[in-house]
Amino acid sequence: MKIRIDRDALADAVTWTSRALSSAKAGGNIGIGIEAKGDSVVFTAYDRDTSARAEYEAVVEEAGSCVVPARLLNDITKTLPSAPVVITQNNNNLDVQCGRSSFNLPTITAGEFPKMIEVPDLIGSITGEDLATAVGQVHIAAETNESLPNLTGIQIEFLKGFITLAATDRYRLALRDVSWTPAVNDPDTSVLVPASRLNDIAKGLADAAKIEISLSNTGENKLIGFSGNGKSITTALLGYSFPKYRDTIPAPGPITAYIETGALSAALKRVRLVLDDQQKYYVALELGDGEVSLITQGAMNGAANEAIDAQVDSTLDEAARFDPNRFIDGLSALNAPYVKLSFISAARPLLITAAKEPGVDIETGYKYWLMPKPAAK
């Protein structure tokens, strides 16, 4: 095998297919397959519950295939100079030459390469930008503690007109409705996808004009697949039930405050600096006449208080207490100049949504509920 390929294309292909691999310590596959024929080269990797594929144009002087150590190839391709890359297979080794840089890599026995996971049936399509934005807004609310596996995923609910993505860690709930094009008459189904993996996949396909989504949600092999821009990946679904959140989320509260998103986020970052006691790690929020006050009290580092201009239509019976980090996460995902805070009471979940300006809401399909901290006794 001997090929000539663009450096950026090689780096992108290796980075993409490496997403399918587990670590060597976990006993998983550590190789990337390279197959050159015609006028293109295909990179593949698959391990246990995930498989990835990327195809790019290349000058193929000699067709062939081999398997190389993924981590080493990934590290090398990230550091190559800006020049075409020539890859040549010599017996049990692979030569990689780029400009004045050259590397000689050992190959892995192809017989030890796992079997590729079959791509499930097409269910519909979505733009890469829409998928990346929606997943990015929702995955922040997913649980990272593996002892709660049903909360470590993003639930995707496929409906005729739109997809709903949902994630929660019990202290917040993020929802995003996003349009798509179904390929089946009645797609009504829900699946649970590992949140970190889905976020990584969405980022890798963000520039695709069209992403085809494939799904197998019956039988033993429950899989979801995404493909676009010559790249594809298939991964196993989580075999757990996501909480039935639609039965518990409250309607938007009647008490509202409109605040400039950047100003509120910056203020939260400032007042949290004094917080050092996890038992009292919260910001108290008070609604006033034309302003919102943020108050924090640290155990060792003193206290902080900041008022921000806001359009407030009513007041709360007491201060509402929230985790400032989760509050900032919701604001960062909003992608809007103003935020609308909707309260039922200080003891009920706060709903965060987008606004163009005070009193003018924006329907982005994104909602973020934040649970309050219990009042101090």
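Student: How far is the sulfur of cysteine 98 from the closest cysteine sulfur?
Tutor: In this predicted model, the closest cysteine sulfur to that of cysteine 98 belongs to cysteine 66. A disulfide needs the two sulfur atoms within 2.5 Å. The pair is too far apart for a bond, because the separation is 17 Å.

Student: How many disulfides does the count come to?
Tutor: The cut-off for a disulfide is 2.5 Å between sulfur atoms. Cysteine 66 is in no disulfide, its nearest cysteine sulfur being that of cysteine 98. By this rule the count is zero.

Student: Is cysteine 98 buried or exposed?
Tutor: Buried means under 20% relative accessible area. Cysteine 66, at 8%, falls in that class. Cysteine 98 has a relative accessible area of 0%, so the class for cysteine 98 is buried.

Student: Which strands are at the edges of the open sheet β5-β1-β7-β8-β9?
Tutor: The five strands of this sheet pair in the antiparallel sense, and the twist averages 15° from one strand to the next. An edge strand pairs on one side only. The edge strands are β5 (59-62) and β9 (101-106).

Student: Which residue in β7 stands opposite arginine 4?
Tutor: Strand β1 covers residues 2-5 and strand β7 covers residues 85-90. The two run antiparallel and are joined by four bridges. Opposite arginine 4 stands valine 86.

Student: Why does β22 have one side without a neighbour in its sheet, and which other strand shares this?
Tutor: The order of this open, antiparallel sheet is β22-β21-β20-β24. Strand β22 (303-309) stands at an edge and has a single partner strand, so one side is left without a neighbour in the sheet. The other edge strand is β24 (320-322).

Student: At about what angle does helix α5 run to β22?
Tutor: Within the sheet, neighbouring strands are turned by 25° against each other on average, direction ignored. Helix α5 (residues 261-271) lies across β20, β21 and β22. Its angle to β22 is about 170°.

Student: Which strands do the buried residues of α4 pack against?
Tutor: Helix α4 spans residues 195-204, and its buried residues include Leu198, Ile201 and Ala202. They pack against two helices, α1 (7-18) and α3 (128-138). The strands they pack against are β11 (153-158), β15 (189-194), β17 and β18 (231-236).

Student: What is the relative accessibility of leucine 223?
Tutor: Leucine 223 is found in strand β17 (residues 223-228). The limit for buried is under 20%. Leucine 223 counts as buried, because its relative accessibility is 10%.

Conventions:
Residues numbered from 1 in each chain as written. Predicted model: local features only at pLDDT ≥ 70, side-chain atom pairs only at ≥ 80, totals over all residues. Heavy atoms only, no water. Buried < 20%, exposed > 50% of the residue type's maximum accessible area, 1.4 Å probe, protein only. Pairing = 2+ DSSP bridges. Axes fitted to C-alpha atoms, helices over the stretch in contact; angles between N-to-C directions. Contact = heavy atoms within 4.5 Å.
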